[in-house]
Amino acid sequence: GAIIERKTLSLDTIIQRDYKKELEARVGTKTIVNLDTGEGLGFRCKETGVILRDSIAYLDHINGKKQQKALGMSMRVERSTVEQVRGAFERAKRKKEEEEKESAADFAKRVKAAEEDEEELRARRAEKKKAKKEAKRAEEEKAKAQQEMEFGLDPDMAAMMGFSGFGGNK
């Protein structure tokens with residue numbers, strides 16, 4: 001094969017994309033693509049000319065080694081100095097301390113919110129229980145009134161005398 005000479009790769013050439021890839025519209029879709037001609041729906045990489053059938057393969061390609069080299073990017077990371085590492089540890093330590101201070105205040109808020117939620121839940125349960133009791137009482141009143149109309153005497157008196165009905169409800 002032919003020898004292709006590439007320019008040297010450096011970190012200076014790595015830049016963030018200034019445009020948004022239109023992937024959301026076709027996420028998870030698959031289409032048949034003629035790989036020889038590139039006809040059909042699918043994803044075609046403008047930089048490398050690669051044709052891909054689905055969005056997952058396209059994302060893998062964009063983040064892959066072949067694409068990065070075509071854009072002139074090196075995936076090598078520069079070595080950090082001791083001072084940079086110490087600075088990173090200090091920033092992480094300060095951030096952790098700030099989060100601990102915030103979490104102490106946040107914890108009190110969460111406890112208060114949980115207590116309020118629990119009290120609201122108790123009130124709803126008590127209200128539900130009261131409504132159920134009222135419904136049962138109303139049902140008993142209705143049954144008592146119906147029995148009184150059927151027999152013409154007080155249901156308590158009828159129960160004491162030993163008859164609760166004449167067996168007509170079959």
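**Note on the predicted model**

1. Met-157, Met-160 and Met-161 make up a nonpolar patch on the surface, and their accessible area together is about 350 Å². The coordinates come from a predicted model, and the points below should be read with that in mind.

2. Within this patch, Met-160 sits in helix H4, which covers residues 155-161. Its relative accessibility is 66%, so Met-160 counts as exposed; the cut-off for that class is over 50%.

3. A second surface patch carries negative charge: Glu-90, Glu-97, Glu-98, Glu-99, Glu-100 and Glu-102 gather there. One of these residues, Glu-90, belongs to helix H3, which spans residues 82-151.

4. Is Glu-90 buried, partly exposed or exposed? Glu-90 counts as partly exposed because its relative accessibility is 41%, and that class lies between the limits of 20% and 50%.

5. On the overall fold, the protein has 4 helices and 2 strands. Read from the N terminus, the order of elements is β-β-α-α-α-α. Helices H3 (residues 82-151) and H4 (residues 155-161) hold the two residues discussed above.

6. On burial, 13% of the 170 residues of the protein count as buried. The protein exposes about 15800 Å², of which carbon and sulfur atoms supply 53%.

7. On contacts, consider those between residues at least 6 apart in sequence: 34% of them join residues at least 24 apart.

Note on methods: Residues numbered from 1 in each chain as written. Predicted model: local features only at pLDDT ≥ 70, side-chain atom pairs only at ≥ 80, totals over all residues. Heavy atoms only, no water. Buried < 20%, exposed > 50% of the residue type's maximum accessible area, 1.4 Å probe, protein only. Contact = heavy atoms within 4.5 Å. Areas by Shrake-Rupley, 256 points an atom, 1.4 Å probe, with all protein chains shown as cover. Patch = residues over 30% accessible without salt bridge, like charges linked within 9 Å, V, L, I, M, F, W, Y side chains within 5 Å. Salt bridge = Lys/Arg side-chain N within 4 Å of Asp/Glu carboxyl O. Lys, Arg positive; Asp, Glu negative; His and termini not counted. Charge placed at Lys NZ, Arg CZ, Asp CG, Glu CD.
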